[in-house]
Amino acid sequence: MDYLRVLGQSLDRSGFPWKKLIITFQVTQYVFEGFLSFRQYKILQETRPPKTLEGEVDQETYDKSQAYGRAKARFGSISGIYSQIQNFGTIYYDVLPRLWDLTGTWLFRYCPRGFTGEITHTLIFFFIYNLITTIINLPVAYYSTFILEEKFGFNKSTVKLWITDLLKGQALGIALGTPLLSAFLAIVQKTGNSFFYYLFLFGISVQLFAITIYPIAILPLFNKLSPLKEGDLKTGVEALAKRLDFPLKELFVIDGSKRSAHSNAYFYGLPWKKHIVIYDTLIEKSETEEVVAVLSHELGHWSLSHTTKLFGIAQFHMFYIFALFSVFIDNRSLYQSFGFHTEFPIIIGFILFSEALAPMDMVIKLLMNVLSRKFEFEADEFAVKLGYSTQLAKSLIKLQIQNLSTMDADWMYASYHFSHPILPERLGALGWSGKEKKADPKAMNGEKPSSVATGREL
């Protein structure tokens with residue numbers, strides 16, 4: 001497209017301070033998110049639950065939930081500072097060009113001449129860089145799992161399992177990353193200025209492949225999926241699927257308790273063959289009808305085409321990312337600003353482009369959360385129409401208590417961070433009044449709040 005080429009030429013200005021601009025973006029985002037976290041922290045210091053929850057959550061549980069929220073907020077603040085130090089160190093000390101030169105030297109010395117091209121160089125650079133960042137972030141990951149989550153009774157993992165998962169993740173990253181990254185680079189190299197069209201088609205193919213291969217080859221590396229045993233729950237879920245013409249292929253229970261006490265349920269698969277996965281913790285802590293009610297909400301997303309719409313939006317976003325990347329890929333001033341004066345690697349261009357795109361990503365994140373909250377209310381309404389209002393409300397309350405999820409939120413923090421409404425809003429929309437449901441026509445027919453949410457998938 002000519003206008004993309006023209007835009008690219010207009011942005012490639014010698015001496016343009018790209019480094020200062022990107023650092024400014026990073027600092028601005030950090031300060032803004034810190035401001036939001038400060039607002040939320042004040043909510044987490046409240047000592048009384050929201051009125052909607054006063055009859056549902058005892059004071060001890062509410063206090064523990066608030067303490068958990070504050071602990072996560074403090075941890076998030078410290079890990080955020082740690083991340084900023086890494087970012088600034090990487091930029092200030094020119095880590096990227098130094099590591100690129102170092103891996104290039106290794107490549108020249110120790111690899112056969114046929115393996116000294118940009119693709120091989122990029123693979124070595126990428127995996128070394130990923131290994132370094134993984135090692136640097138080990139203290140943060142360890143603290144999150146074995147101190148923070150352990151303190152509030154959620155961690156069920158062991159150090160051995162944690163290390164095994166890390167090693168599996170690294171091995172999987174190499175096994176899958178090598179062909180995918182190689183293909184990405186080859187497409188850009190061989191298809192000229194219109195490479196983003198081919199990258200887009202490649203991206204769609206990878207997603208379809210991942211949907212197919214993930215449950216077969218990847219998920220079993222970390223969790224055990226077992227067929228749901230015969231009984232009332234299986235009968236109820238199958239009846240729900242049949243009622244909605246949901247193409248259910250298999251029903252699984254996943255051993256989520258192996259690592260965490262958190263609960264959830266989800267479905268996955270191709271349009272004509274779906275699989276439902278229920279966490280063992282959800283089954284253990286909920287009544288049969290409540291689990292079915294949760295799944296009625298999840299299948300509501302499918303029936304209302306939410307998953308299809310989100311998939312379509314994701315494809316548009318991917319195309320837009322690749323198209324914009326074509327504007328920056330030959331931007332010499334961007335490369336030179338970060339210490340690349342003689343070589344202009346594709347992967348480096350993509351990394352720097354991603355940093356430059358950060359402000360737009362913030363806006364997209366906000367808009368996607370607004371849409372996601374809308375879909376959550378609609379899925380709840382779908383469950384109500386199926387007759388699961390009371391059961392869904394009871395299940396949401398139990399999940400809230402079990403997961404110690406956020407029970408209240410600052411509207412600004414929630415609008416930016418949360419993809420799901422918080423419990424008080426969902427109960428209000430469900431018409432829940434404790435002993436019996438009280439319909440709220442405005443809440444269930446479009447006039448729904450959209451400000452807050454938890455981080456759950458339900």
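Trainee: What does pLDDT stand for here, and what does the protein average?

Mentor: pLDDT is the predictor's confidence in each residue, from 0 to 100. This is a predicted model, and 94% of the residues score at least 70. Over the whole protein the pLDDT averages 89.

Trainee: Where is the pLDDT below 50?

Mentor: The stretch in question still has 69 contacts in the model beyond near neighbours in sequence. Its pLDDT is nevertheless below 50. The stretch covers residues 436-457.

Trainee: At what angle do helix α11 and helix α15 cross?

Mentor: Two packed helices are described by the angle between their axes and the distance between the axes. Helix α11 spans residues 288-303 and helix α15 spans residues 358-385. Their axes come within 8 Å and cross at roughly 115°. Angles of 65 to 115 degrees count as roughly perpendicular, so α11 is roughly perpendicular to α15.

Trainee: Is the crossing of α11 and α15 left-handed or right-handed, and which residues of α15 take part in the contact?

Mentor: The crossing is right-handed. From α11 come S296, H297, G300, H301 and S303. By class, the contact has 4 nonpolar, 5 polar and 2 charged residues. The α15 residues they meet are F375, E376, A379, D380, F382 and A383.

Trainee: Why is helix α18 largely enclosed by the rest of the structure, and which of its residues are buried?

Mentor: Helix α18 covers residues 423-430, and 7 of its 8 residues are buried, so it is largely enclosed. The buried ones are L423, P424, E425, R426, L427, A429 and L430.

Trainee: Which residue follows α18?

Mentor: The residue after α18 has a positive phi, near 75°. That residue is G431.

Notes:
Residues are numbered from 1 along each chain as its sequence is written. This is a predicted model: local features need pLDDT of at least 70, side-chain atom pairs count only at pLDDT 80 or more; totals for chains, interfaces and linings use all residues. Side-chain values use heavy atoms; hydrogens and water are left out. Axes are lines fitted to C-alpha atoms, for helices over the stretch in contact, and angles run from 0 to 180 degrees between N-to-C directions. Helices (H or I, at least four residues) and strands (E, at least two) are DSSP runs, numbered from the N terminus. Angles under 35 degrees count as roughly parallel, over 145 as roughly antiparallel, 65 to 115 as roughly perpendicular and the rest as oblique. A crossing is left-handed if the near helix is turned anticlockwise from the far one by less than a right angle, and right-handed if clockwise. Contact means heavy atoms within 4.5 Å. Ala, Val, Leu, Ile, Met, Phe, Trp, Tyr, Cys and Pro count as nonpolar, Asp, Glu, Lys and Arg as charged, and the others, Gly among them, as polar. Buried means under 20% relative accessible area, exposed over 50%, partly exposed in between (1.4 Å probe, protein chains only).
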